[in-house]
Each structure stands twice: as structure tokens, then as C-alpha cells.
Amino acid sequence: MARLGIETEIVDRKLFASTVAWFREAKITLPTFAELAAPWTIPAAIREGLAAVGPDEAHPLNLFRVHWYNGPGRRAQVEVPDHVVLPEAVTGTKAQIVVALGRNFPMIEAHKVLAAYACLAPRVVTGQFDPTTHRALWPSTGNYCRGGVAISRIMRCRGVAILPAEMSRERFEWLERWVADPSDIVKTPGSESNVKEIYDKCAELDRDPHNVIFNQFCEFGNHLAHYAITGRALGHVFESMSARDPELRLRAFTSATGSAGTTPAGTRSTSTGCRSGRPSTPCATCSICTSAARSPAWCSTAPPRTMPPSRCSTGATEVDLFGAKKRAKTPMEVA
Ligand SMILES: Cc1ncc(COP(=O)(O)O)c(C=O)c1O
């Protein structure tokens, strides 16, 4: 199995066919990244079925909630991704600081469930992961491995969490409820800072050909999904704000990183032209934008008001690739 990059062709057709049959038997449908980026395009029949499923149920339809458009109740879709705008009284700056909320994601109440799907789904649909014989191994300090276990379970795969033994009791209690077998929780020495020990264990487990390690630091799906899905969603938040106040300009994106998965969302949400594609008010300033919903502040063809596009920053990004120190809360996560 290729370790880096992403396959664009089916690698093993026989395995692909048997996986399709395995999923069909369990009535599992996989959402495309495009559907998760624009969840209003999810077929109506699926959305109707989802209405009867709780956001924390181990149900395959919850794959269709792995996006930023879940409302505060986590069941229904909202028009614009849920967010809060921090007031000047709190921040001390006139700039509006917007925090997107990750708590509405299904099953684990954090956006890492998206990273997990983004890593597993490409391997499955290219015939590189056998849900009947492989075990999906999810190394992390907590949220990504919970996301991995949740996604594996609802995709009828065996998921294994590898995390430091001193992480919070809540994380382990959650894992105990979700794994197929207690041996699917592998505890490594230490706590949040002991990422090396997690990967030492992975190197050991990797010797078993039935184990497939989904290393979020190098799975390209993690990067791609955040670019395509998170970036577009955050762009939509800004789009909705600038529709109310056209003077607003997007200056920066920041996220506290673990695997650097969310950072490409900054590239997408701050650098491309018109974004969400969600039907709303057409842009009045140019002809290019008339076919779909556009907002002048996003439109790359509209004249800049205060800042030339070449200076539009992708923002400061704090990168802590090895999780060596306790990181600050990211704007993606629940405060
Ligand atoms: C709640 C939360 N926010 C942010 C991050 C970091 O995001 P990323 O790995 O996409 O850089 C993580 C884990 O890595 C996390 O669990």
C-alpha cells in the first residue's frame, strides 16, 4: 500500500468489489468530499433518513453529518456553519474575530471525526483497505483516535485507538463504549507530550500485515479534506458576514495545529475567489458571479477596497507538529 500521496485509481479491483458488497449488506453509503463541503447537496432521501438518527448513534448515516453545517442541536443542518464572533470588549481589538465551533460534529463533538473519515475513505474506495481482515489503527492523543474508532465502527471496520495512558478518564470511558474489544484500546506511556511513544508502538504494531496505521501527519486525505471541506465552510462564514457588511475584509486565518490538517483550510478560505456556492444573493459587482451565489468581498474579480489581493494574508498559523507542548485551543474547537 502506498504510504504517501493519494491514489486516484482503484488499486485492487477484487478487494474493491468485495468491500462494496460488504458495505451494501450493511446499507453503508459513503458521502463524497463534495457532499461534505456542500451538505445541502446530500440527496433528500439520506437527509430524511438522518432525521431519525441521533448524532451520537453508531449509525452509518452519521457519516453524512461529518461536516461544519450541523446546528447547535447537532441534528439539523444550518444555513451557515455555526460560529461565534468575539466582541471587542473581550478581544481588545476592533477586528472581528470569528470562532468556528467544532462541537457540533457527530459522535465525538470535535472536528477530528472529519480527519478520520478523510484518511479511511480514500483507502477504502481505492481497494487498499479490507474491512473484513484489516484493523484501522488510529494513533493520537485523543480526539483523532476517538474519531477513527467512531468512523471505523460506522463503516463496519475494526478500529484501534493508540493513545497515552495518562490522557483524560473521559476519553477512555468514551473509547470503552465504542471499541469492539477492550484490546482495541492500546495505552502508551505518558500523556499529551509523549507523541514519540505512540509512534514507537505503531512501529511495533506495523509488523503485523493486518494492521493499517492511519498516521494523520502523512495521510494526504487529512490535508485534502480540510482544504476542500473546512476551508469552504470557513469561507462561507465570512461570506455570510460580508453579505451583511460589504466593508469587511478577511485578514487572517489561525488554527492551533496538531497534525497540520486544518491549516490548508486557511489557504482555501483566504485565497480563492468566490466560495460556498450556496444559492443566496448574487454579486452585483461583476458578471462572472451571476450564475451562482456570490458575495463581492469574496469575488476575485471585484476590485479590492482596502488591500490588494496580493497582500491578502493567509494568516498566522501556529504549527506544533509533534504535539510536544500543550497547545492553545484552536478556533475550530469548542471553547
Ligand atoms: C480539538 C482539536 N483541535 C485541533 C486539533 C489539531 O488539528 P489538526 O490535527 O487538524 O492540525 C486537534 C488534534 O489534533 C484536536 O483534537
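How are α5 and α6 oriented to each other? The answer comes below, after the sheet of this predicted model has been described.

Strands of a sheet pair through backbone hydrogen bonds, either parallel or antiparallel. Here four strands form an open sheet in the order β5-β4-β3-β6, and their pairing is parallel. The edges of the sheet are held by β5, residues 185-188, and β6, residues 211-213. Each of these has a single partner strand, so one side of β5 and one side of β6 have no neighbour in the sheet. On average, neighbouring strands of the sheet are turned by 25° against each other, with direction ignored.

The pairings can be followed strand by strand. Strand β3, residues 135-139, runs parallel to β6 and is joined to β6 by three bridges. One residue to look for is L137, whose bridge partner in β6 is I213. Towards the other edge, β4 and β5 pair in the parallel sense over four bridges. In this pairing A161 stands opposite I185 of β5. The strands β4 and β5 also belong to a β-α-β unit with α7, and this unit is right-handed.

Helices lie against the sheet. Helix α6, residues 143-154, lies across β3 and β4, where β4 covers residues 158-164. The direction of α6 makes about 170° with β4. Helix α8, residues 195-205, also packs on the sheet and touches β3, β4, β5 and β6. Between the direction of α8 and that of β4 the angle is about 140°.

Next come the contacts between helices. Two packed helices are described by the angle between their axes and the distance between the axes. Helix α5, residues 112-125, packs with α6 at an angle of about 55°, and the two axes are 8 Å apart. An angle from 35 to 65 degrees falls in the oblique class, and α5 and α6 are therefore oblique to each other. The crossing of α5 past α6 is right-handed. On the α5 side the contact is made by K112, V113, A115, A116, Y117 and L120. On the α6 side it is made by N143, Y144, G147, G148, A150, I151 and S152. Sorted by class, the residues of this contact of α5 with α6 are eight nonpolar, four polar and one charged.

Helix α6 also has a contact with helix α7, residues 169-178; their axes come within 10 Å and cross at roughly 15°. This makes α6 roughly parallel to α7. The crossing of α6 and α7 is left-handed. In α6, the residues R146, V149, A150 and R153 meet R171, W174, L175 and W178 of α7. The contact of α6 with α7 has five nonpolar and three charged residues, and no polar ones.

Helix α5 meets a further helix, α9, which covers residues 220-244. The axes of α5 and α9 come within 8 Å and cross at roughly 120°. That makes α5 oblique to α9. As α5 passes α9, the crossing is right-handed. The residues L114, A115, A118, C119 and P122 of α5 meet G221, N222, L224, A225 and I229 of α9. This contact of α5 with α9 has eight nonpolar and two polar residues, with no charged ones.

How values were computed
Residues numbered from 1 in each chain as written. Predicted model: local features only at pLDDT ≥ 70, side-chain atom pairs only at ≥ 80, totals over all residues. Pairing = 2+ DSSP bridges. Helix = DSSP H or I, 4+ residues; strand = E, 2+ residues; numbered from the N terminus. Axes fitted to C-alpha atoms, helices over the stretch in contact; angles between N-to-C directions. Contact = placed C-beta atoms within 7 Å. Parallel < 35°, antiparallel > 145°, perpendicular 65-115°, else oblique. Left-handed = near helix turned anticlockwise from the far one by under 90°. Nonpolar A, V, L, I, M, F, W, Y, C, P; charged D, E, K, R; others polar. Right-handed = clockwise from strand over helix to strand, strands pointing away.
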